[in-house]
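Me: Please take a close look at the ligand site of this model, and then place that site within the rest of the chain. I would like the cut-offs behind each term stated as you go.

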Amino acid sequence: MTEPDPHGFSEDFGTIEIFGIPFSTFTRSIVMGLEEFGLGNCFIQHHTPPHSGEVRQRNPFGLLPVLVHRPNAIYSSSDDTVILYESNAIRRYIDESLGLQANQKFKHKVELTPPAAKSTPMERARVDQWVSVAATVIFPAVELGVVKRRLAMEGNSADDESITLALDTGLEKLHDRLAIVEQMFNQPFSGDYICGNNVSWADLFAYPPLADLRAIKEGEPILRSGKDALYPKLNAWMDRMEQRESAKKTYPGTLASQRKKN
Ligand SMILES: N[C@@H](CCC(=O)N[C@@H](CS)C(=O)NCC(=O)O)C(=O)O
């Protein structure tokens, strides 16, 4: 089903395809990464839902996102075609392959994981730690514990009182996790982003589920800005992230865009 790159970059990057709907937060992290590297016009995003035939063909677990890269575009063989699932693996491939090529082509120096030559093992590991916390702590607490439950109940036409009651345990756990995340912020770094002055994969993995949370009723008091903020560091950072081009470009199709809150 692969078409040549419609934007004319296939000579530089081959063809890059992402399988994943914009509603998927892990897909959004990866697409934000491509946007940060300036590759926003260089890939095709197939809006395929999880567990669809097209996804299962490329990821036996059926989960989003999947990256397919044909370095030699239409001349690629099945041997040199890269098919990757698991967003952390895709992240590494972007850092070490597509991102490096983008830096050369566009003559900029985007580094979403600090490069070995310029950082300590602890600084690089701290980004990994955040990516892991985003995937295994923030995502389940926000999406599985609260957002998806609310959406499922709304889909079943439950009234707001029943939804609020049903979300009670999930919200308690979420507060517990967010209080820890708030403490982790900028530790031991300082700067506008989670791991210092530059945006990194830590930000790109943590932001999409929290943007979903901001879009629902339960998220409003939790992610309130200003002097009444429950989690002031988290909120100031969310406000900054919302202003990034990569967040704006990946906004259409997200839960927030559907509810028009952000
Ligand atoms: N560990 C996977 C998780 C991917 C994941 O859970 N993706 C969600 C969309 S954000 C999905 O496909 N969910 C469908 C399901 O859980 O059945 C990764 O990092 O890529």
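Reply:

**The ligand site and its setting**

A polar side-chain atom of Glu86 lies 2.8 Å from a nitrogen atom of the ligand, which falls under the definition of a polar contact as a pair of N or O atoms within 3.5 Å (within protein, one must be able to donate a hydrogen and the other to accept it, and residues adjacent in sequence count only if both atoms are side-chain atoms). Taken alone, the ligand exposes 510 Å², and the protein buries 72% of that, with accessible areas coming from the Shrake-Rupley method with a 1.4 Å probe and, for residues, only the protein chains shown counting as cover.

The model is predicted, so local features need pLDDT of at least 70 and side-chain atom pairs count only at pLDDT 80 or more, whereas totals for chains, interfaces and linings use all residues. Residues are numbered from 1 along each chain as its sequence is written, and side-chain values use heavy atoms, with hydrogens and water left out.

Glu86 itself sits in the loop between strand S4 and helix H4 (87-106), where helices (H or I, at least four residues) and strands (E, at least two) are DSSP runs numbered from the N terminus. Although Glu86 is not a glycine, its phi is positive, at about 75 degrees. Because its relative accessible area is 48%, Glu86 is partly exposed, a class that lies between buried (under 20%) and exposed (over 50%), with a 1.4 Å probe and protein chains only.

His51 offers a second polar approach to the ligand, with an N or O atom of its side chain 2.6 Å from a ligand oxygen atom. His51 belongs to the loop between strand S2 (43-46) and helix H3, and its phi, near 65 degrees, is a positive value in a residue other than glycine. With a relative accessible area of 42%, His51 is therefore partly exposed.

At Leu64 the backbone takes part, since a polar backbone atom of this residue is 2.9 Å from a nitrogen atom of the ligand. The peptide bond that leads from Leu64 to Pro65 is cis, with omega near 0 degrees, and Pro65 is found in the loop between helix H3 (53-56) and strand S3.

The residues surrounding the ligand are Ser24, Thr25, Phe26, Pro50, His51, Leu63, Leu64, Pro65, Glu86 and Ser87, a residue being near a molecule if one of its heavy atoms lies within 4 Å of it. By class, this shell has 5 nonpolar, 4 polar and 1 charged residues, where Ala, Val, Leu, Ile, Met, Phe, Trp, Tyr, Cys and Pro count as nonpolar, Asp, Glu, Lys and Arg as charged, and the others, Gly among them, as polar.

As for the wider setting, the domain assignment of the protein gives domain 1 (10-106) and domain 2 (116-251), with bounds that come from an automatic or database assignment. The contact between them takes 16 residues from domain 1 and 23 residues from domain 2, contact meaning heavy atoms within 4.5 Å. The centres of the two domains, taken over C-alpha atoms, are separated by 24 Å.

Glu36, which lies in helix H2 (residues 25-36), counts as buried because its relative accessibility is 14%. The side chain of Glu36 makes a polar contact with the side chain of Ser246 at 2.6 Å, and, leaving aside residues up to four places away in sequence, Glu36 touches Val110, Leu112, Val199, Leu204, Arg244 and Ser246.
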